[in-house]
Amino acid sequence: MSILGSLRASQLIGRIESLGDLDSPEAVKTIEKLRKAGAPAIRRITDSLATADRRDTELLVDLLAELVTDKTLSEATKALNSESQNAVAGLPIHRRKSTAD
């Protein structure tokens, strides 16, 4: 990932965290920009989970659920190798499966 791409993803994630809500019009636009960023955004979110507080963790997990697709799933599952319990527990893979029941 380029330094500029990483910086941009960090800025967008910071904007989402400051909004605190994924449903606002500004958040929806920001999520779309993160979706276009693809794997670099997923990588930054899983990295952010390692140090996030409770409120931000919930927000980042919901954001991951919005962004993980078939194309970015491999990047998201790399967080399973993380030493951070937040990063591992934050993967939305199990959440989608449980909501389908």
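Entry 1, R43 and E75. I began with R43, which I noted as partly exposed because its relative accessibility is 26%, a value I read from a predicted model. I then looked for a charged partner and found that the side chain of R43 meets that of E75 in a salt bridge, at 2.8 Å from N to O. R43 lies in helix α3 (residues 39-49) and E75 in helix α5 (residues 73-77), so I recorded the pair as tying together parts that are 32 residues apart in sequence. I looked up the cover of the partner as well, and E75 counts as buried because its relative accessibility is 10%, under the 20% that I use as the cut-off for burial.

Entry 2, I42. I stayed in helix α3, where I42 is also found, and asked how much of this residue is accessible. The relative accessible area of I42 is 0%, so I put I42 down as buried. I also looked up a distance from I42 to S74, which is 32 residues away along the chain, and the C-alpha atoms of the two are separated by 9.9 Å.

Entry 3, the fold as a whole. I stepped back to list the elements, and I counted seven helices and zero strands in the protein, so that the order from the N terminus on reads α-α-α-α-α-α-α. Of the 101 residues in the protein, buried residues make up 36%.

Entry 4, E66 and R35. I returned to charge pairs, of which the structure holds five that qualify as salt bridges. One of the pairs I looked up is E66 with R35, whose closest N and O atoms are 3.6 Å apart. E66 belongs to helix α4 and R35 to helix α2, so this pair ties together parts that are 31 residues apart in sequence. For accessibility I noted that E66 is partly exposed, at 41%, and that R35 is likewise partly exposed, with a relative accessible area of 32%.

Entry 5, D56 and R55, then the network. I checked another salt bridge, the one that D56 forms with R55, where the closest N and O atoms are 2.9 Å apart. D56 is buried, with a relative accessible area of 16%, whereas R55 is partly exposed, with a relative accessible area of 47%. I then asked which residues are joined into one network by salt bridges that share partners, and I found E32, R35 and E66.

Entry 6, T57. I went on to T57, which lies in helix α4 (residues 54-67), and I noted T57 as buried because its relative accessibility is 16%. I looked for a polar partner of its side chain, and a polar atom there lies 3.4 Å from the backbone oxygen of A52.

Entry 7, the positive patch. Last, I looked at the surface for positive charge and found a patch formed by R8, K29, K33 and K36. I asked which helix gives the most to this patch, and helix α2 (residues 25-37) does so, with three residues. R8 is found in helix α1 (residues 3-19), and I recorded R8 as partly exposed because its relative accessibility is 35%, a value over the 30% that I require of a patch residue.

Note on methods: Residues are numbered from 1 along each chain as its sequence is written. This is a predicted model: local features need pLDDT of at least 70, side-chain atom pairs count only at pLDDT 80 or more; totals for chains, interfaces and linings use all residues. Side-chain values use heavy atoms; hydrogens and water are left out. Patches are made of residues with over 30% relative accessible area and no salt bridge: like charges are joined within 9 Å, nonpolar side chains (Val, Leu, Ile, Met, Phe, Trp, Tyr) within 5 Å. Accessible areas come from the Shrake-Rupley method with a 1.4 Å probe; for residues, only the protein chains shown count as cover. Lys and Arg count as positive and Asp and Glu as negative; His and the chain ends are not counted. The place of a charge is taken as NZ of Lys, CZ of Arg, CG of Asp or CD of Glu. Buried means under 20% relative accessible area, exposed over 50%, partly exposed in between (1.4 Å probe, protein chains only). A polar contact is a pair of N or O atoms within 3.5 Å; within protein, one must be able to donate a hydrogen and the other to accept it, and residues adjacent in sequence count only if both atoms are side-chain atoms.
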